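Student: Got a minute to go through this model with me? I'd like to start with the helices and then look at some charged pairs.

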Amino acid sequence: MNKVFQVALSFLRERPLRLVLTSLATIAATCMVVWVASGYDTLLKNFDIYSELVLGRYELAVAPIDLNEENVVPVAVLQDLKQDPAVAAADAFWGETKMVRPIEAADSAQRGRRPVSMILSTDSSEPPFEMQVGRWLKVGETSETVVRSDVARDWDLKVGDAVSIGDGDQSTRFQVVGIVNAPTIIGPGGEAAIQILTPGSGEFFVSTQAAEQLFGEPAKISMVGVALKPEADLTQFRFGWGPRLSRYSTPVQFQESIDIEEALDETASAQNVLIQSYAATGIAILIALLVIFSTLSMGISERVRQYAVLRAIGFTRFQVGSLIAWEGLLLATIGFVGGILLGQLLLWLAVRAAGDVLRNGFSVGTLSLLLAAVATFGGACLASLVPIWQATRVKPIDAMAPRSQRAGLQSTPGKLIGLGILLVCVNPLLIFLFPPGETYSVALALFIGFSAMSIGFVLLAPGIVVLVDRWISPVLSRLLKLDPKLLRSQITSHLWRTVGAAISMAIGMGLYIGILVWGFTMLEAFIPGPWAPDALMAFHSMSLSPEEAADMAQVAGVDPERCEPIVVEQPRLLNDLTQSAERASVTRQDNVVIVGIDPAGAFGDEHPLFELEWVAGSPETAVPLMQTERACVVPDHFLVETGLKVGEAFTLVPPENPDQPVKYKIAGAVKLPGWHWQTKLTGFRSRTHRAAALVFADYMQVARDFNKPETAYVWFDYRSSEVTPDQIATAATERFQVPARTAGDMTASTVGEGPEMKIMPVEGIRAVTRGAAGRWIWMLSQIPLITVLIAGFGVLNVILASVRSRRWEMGVMRSVGITSWSLVKVVLAEGLLIGIVAGLLSLSFGIMAGWCGAGIAQYISFFGGLHPDLSVPWPAILIGLTGMLLLSVLISIWPALSVGRKRPLTLLQEGRGSL
């Protein structure tokens, strides 16, 4: 075996440039895996701000729906939660703000003191967060307090110090017995004060008995922290309890404001990065496989005589196969070690550049090392299989007569095209013609469909190479002013080598295009469509009757025929019609947003406010029903998710009056693309963070059912395309005598304390949605684009090998009068042709993968269920393809110039040595 290892080393040293290029590509692929996987490890340490520091040891918190000073959580809620077998702990918290001052504090510490602090009381025997120092409160102790760590740091408080809580003579002395590790939540503008009570809101913690003395009233329950048992399903628990919470004497809900909801989604964000780590590993395996395979197969084609001589002097087939395996293992080892070192260096540089964000530093943990090893050594093992099989077939007699490289290649593509087309068609058939269910069949369809499609495109690759050689090579030769014979069979002469190089580039570009098509197709369902009116006017802290709000139609710039006051509420469904407890998604929620609007003005007039595509029912039948009965219009996906039909009814629970549910009949169904973000950014979803549908009903009916005597919004169109939101804001200010402003940041939710009007143009919502989604899609596209650059090393290897194998041929051409510039253009054309093959492969694969990915997402993704139409972002795709073609040409420059500088005699001499 030592002899075999030494021969393998000598073979690698024989082509140092090839060794360097292959090693660089493998190192880059491994580094990509290390970077992404370490990002997951780092995320778990540095990005747990909300989920662990706001809620502490609790998965959920329960608070009143209407967060005013009078509303508290009924005691029955606490008792019922404690009896649930899935609950490990349910602890009551009572919060009030009081003046606090350190006793005998230094002047320097006083400067950081807050004017008032949140005092949070509880009788929990365990702290909501880890203790930094000291101990937790003793139940019933009235003179102890535990301080939040950032407050202790600002005030220079230590265990044993004393603070005074309360105003003047009503203050009480407390001794600090512990400091709890719950740092301040930092947001974009500095310290982010969450507007609802959570365990992380407390700055000073005291016992409930101490709070009764301090606040001068019997104990209340402001919030209940809920910790679940390890085996409990969080989603099922949340959506199972949702309808029950609204039926108590004071309706309560799980705290699902944007802050808390995003906190609960941080785990999903981390899971997405973990999935991205696995995806990067898969990509790296393919890159390592193709690059190492290309290197090993080139070595075999060049060393047929050497392998035959080795067989003649006594090497067995096993030893020859071991020789190839050692080469692949050595290349993988170089890539693994180099990738780990380079990944550590990049992570160290990232920490140096963003130390304030990555407070806990970087981590190249076990997951990173394991995935990197799988990528490099797994790719090397797979890449060695075919070369080992080829090398072991070499016979001693082949030393005298090497086998032809071209035998049978021209007939092979024709046999593969049919099979390739059949395999490519499997995926869309499984997803669209025979849609999967929501259990095992989804995973099975996903595995079979995408595996078959990938193999199918690999089998189609040789046919695409022949097609490009036959039809595009002549065109390219005319553009470059070359004899067509010089480019004929340029890429088909070493067909499989060209296929390997093209596929290695097509992997990254195909994934890039697939992500774009999938992302923008899914995005179309969240962009408010043409149905949405031009703008929405929101009235904050203003008491307007419907008649007063209707004066908005008289504001200059507003179309008076398309201007309707509305009221909005977000009630829960009495029954979980969407099965949200089984699998929640963007359309499978336990509540809806219902909009009260004049049916005739919205749907039935000659110029209705909404231009809708009706899927079931019609304006002629729906409007009379809405005017005379408790009827509504729903989006088409709501019928799919609930199984309801037009004419059937569903029951809603008014948040402020849960004992009197109301039943609405479905009068029609319409397409409402983009309703989700329309309701998110306009504040329609005031109760919980997500909703199952946007429902329209009669204004007066909704106002009565949900106790909405005042108008909250006016939806309207502009009088003309020249009107701007700022002009309407100015005119509205004059009309209503209160400030009006155009929403600059559509994501902002804060408003002034006094009366105010806020105009939210639909174009602003579209821009915010596209901008946010575009950033995420671009982030997901980075790894595939990096993969294209890594694959460039493999393409360079192929072109160098192609030039090396044709040195005698090129020397002859130079000798008969072909200029060196013509040879340079020939090599550049070869690189461009490989790029064109890769472009055709990646374009067809990417569009198909993105289309099928958006289709399967309807069954497995949280954001599925809206069934958008295919959207292909051609500008971004064409930019990517153009970049890949330029990269192919740039890669070819070095081999082209190297052969162009050599004299004919040098080419003949070097080529003779390779014969």
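Tutor: Sure, we'll take a helix pair, then salt bridges, then a loop residue.

Tutor: This is a predicted model, where local features need pLDDT of at least 70, side-chain atom pairs count only at pLDDT 80 or more, and totals for chains, interfaces and linings use all residues. Residues are numbered from 1 along each chain as its sequence is written, and side-chain values use heavy atoms, with hydrogens and water left out.

Student: OK, how do H16 and H27 cross?

Tutor: The axes of H16 (residues 495-524) and H27 (residues 874-901) come within 10 Å and cross at roughly 170°. Helices here are DSSP runs of H or I with at least four residues, strands are E runs of at least two, and both are numbered from the N terminus. Axes are lines fitted to C-alpha atoms, for helices over the stretch in contact, with angles from 0 to 180 degrees between N-to-C directions.

Student: Parallel or antiparallel, then?

Tutor: Roughly antiparallel, a label for angles over 145 degrees.

Student: Which residues in H16 and H27 meet?

Tutor: Met505, Tyr512 and Leu516 are among those in H16, and the H27 side includes Ile877, Gly880 and Met884; contact means heavy atoms within 4.5 Å. By class, this contact has 11 nonpolar, two polar and no charged residues. Nonpolar covers Ala, Val, Leu, Ile, Met, Phe, Trp, Tyr, Cys and Pro, charged covers Asp, Glu, Lys and Arg, and the others, Gly among them, are polar.

Student: Switching topic: how many salt bridges does the structure hold?

Tutor: There are 15, each a side-chain nitrogen of Lys or Arg within 4 Å of a carboxyl oxygen of Asp or Glu. One of them joins Arg630 and Asp705 at 2.9 Å, N to O. That pair links distant parts of the chain, 75 residues apart, with Arg630 in the loop between H19 and E19 and Asp705 in H22.

Student: Is Asp705 buried or exposed?

Tutor: Asp705 is buried at 12% relative accessibility, whereas Arg630 is partly exposed at 31%. Buried means under 20% relative accessible area, exposed over 50%, and partly exposed in between, using a 1.4 Å probe and protein chains only.

Student: And what does Lys158 pair with?

Tutor: Asp156, through a salt bridge of 3.0 Å, N to O. Asp156 sits in the loop between H6 and E7 and has a positive phi of about 60° although it is not a glycine. Asp156 is partly exposed at 47%, and Lys158 is partly exposed at 49%.

Technical notes. Angles under 35 degrees count as roughly parallel, over 145 as roughly antiparallel, 65 to 115 as roughly perpendicular and the rest as oblique.
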